[in-house]
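Q: Hey, got a minute to go through a model with me? I'd like to talk about how its pieces pack.

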Amino acid sequence: MGHTTVGFTLDTLLRKKVEKLRRKEKDARIHNRLSALLWWDEGRSPEDISQLLGVCSRTVRHWLELYQGGGLEALRRLDYKGDLG
């Protein structure tokens with residue numbers, strides 16, 4: 001699998017929206033996905049993020065691909081089963 005974080009950035013308004021959603025989020029799975037998105041924007045690697053969240057780096061990369069394909073709503077879906085660790 002390629003390194004999907006190259007060139008990944010959130011514009012200022014989107015970053016603020018993600019931060020606000022994360023503060024209000026009660027579901028830990030979605031909170032983790034939003035945290036990962038913010039950390040990617042800061043330049044952290046999937047391996048670093050996976051250690052912070054206690055999941056495998058493959059899961060973290062999958063979250064980025066999910067976001068890139070479907071935006072924030074794709075990350076916020078509760079029926080997504082990719083949080084297996």
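Q: At roughly what angle do the axes of helix α3 and helix α4 cross?
A: Happy to help! Keep in mind that this is a predicted model. The axes of α3 (residues 46–53) and α4 (residues 57–76) cross at roughly 110°, and they come within 8 Å.

Q: What does that make the two helices relative to each other, roughly?
A: Angles from 65 to 115 degrees count as roughly perpendicular, so α3 and α4 are roughly perpendicular to each other.

Q: Is the crossing of α3 past α4 left-handed or right-handed?
A: Right-handed.

Q: And which residues make that contact?
A: From α3 you have Pro46, Glu47, Ile49, Ser50 and Leu53. The α4 side brings in Ser57, Val60, Arg61 and Trp63. Sorted by class, the contact of α3 with α4 has five nonpolar, two polar and two charged residues.

Q: Nice. Let me zoom out: how many helices and strands does the chain have?
A: Four helices and zero strands. Reading along the sequence gives the pattern α-α-α-α.

Q: OK, what about α1 and α2, at what angle do they pack?
A: About 150°, and their axes are 9 Å apart. Anything over 145 degrees counts as roughly antiparallel, so that is the description for α1 and α2. As for handedness, α1 passes α2 in a left-handed crossing.

Q: Which residues meet there?
A: In α1, Arg15, Val18, Glu19, Leu21 and Arg22 take part. They meet His31, Leu34, Ser35, Leu37, Leu38 and Asp41 in α2. The class split for the contact of α1 with α2 is five nonpolar, two polar and four charged.

Q: How do the axes of α1 and α4 compare, what's the angle and how far apart do they come?
A: They cross at roughly 30° and come within 11 Å. This crossing of α1 past α4 is left-handed.

Q: Who's touching whom in that pair?
A: Leu14, Lys17, Val18 and Leu21 in α1 meet Tyr67, Leu72 and Arg76 in α4. By class, the contact of α1 with α4 has five nonpolar, no polar and two charged residues.

Q: Switching to the interior: in the largest nonpolar core, which residues touch the most other members?
A: Leu37, Trp40 and Trp63, out of the 22 residues in that core. Two of these names came up earlier: Leu37 is in the contact of α1 with α2, and Trp63 is in the contact of α3 with α4.

Q: Which elements feed that core?
A: The ones giving two or more residues are α1 (12–24), α2 (28–41), α3 and α4. Helix α4 gives the most, with eight residues.

Q: And what share of the chain is buried overall?
A: Of its 85 residues, 41% count as buried.

Q: How much of the contact count is between residues far apart in sequence, say 24 or more positions?
A: Those pairs account for 55% of the contacts in the chain with a separation of 6 or more.

Q: Last one, glutamate 65. Where does it sit?
A: Glutamate 65 is found in helix α4.

Q: What does glutamate 65 count as in terms of accessibility?
A: Partly exposed, because its relative accessibility is 29%, and that label covers values between 20% and 50%.

Q: How far is its C-alpha from that of leucine 75?
A: The two C-alpha atoms are separated by 9.8 Å, with glutamate 65 and leucine 75 lying 10 residues apart along the chain.

Methods:
Residues are numbered from 1 along each chain as its sequence is written. This is a predicted model: local features need pLDDT of at least 70, side-chain atom pairs count only at pLDDT 80 or more; totals for chains, interfaces and linings use all residues. Side-chain values use heavy atoms; hydrogens and water are left out. Axes are lines fitted to C-alpha atoms, for helices over the stretch in contact, and angles run from 0 to 180 degrees between N-to-C directions. Angles under 35 degrees count as roughly parallel, over 145 as roughly antiparallel, 65 to 115 as roughly perpendicular and the rest as oblique. A crossing is left-handed if the near helix is turned anticlockwise from the far one by less than a right angle, and right-handed if clockwise. Contact means heavy atoms within 4.5 Å. Ala, Val, Leu, Ile, Met, Phe, Trp, Tyr, Cys and Pro count as nonpolar, Asp, Glu, Lys and Arg as charged, and the others, Gly among them, as polar. A nonpolar core is a set of buried Ala, Val, Leu, Ile, Met, Phe, Trp, Tyr and Cys residues joined through side-chain atoms within 4.5 Å. Buried means under 20% relative accessible area, exposed over 50%, partly exposed in between (1.4 Å probe, protein chains only).
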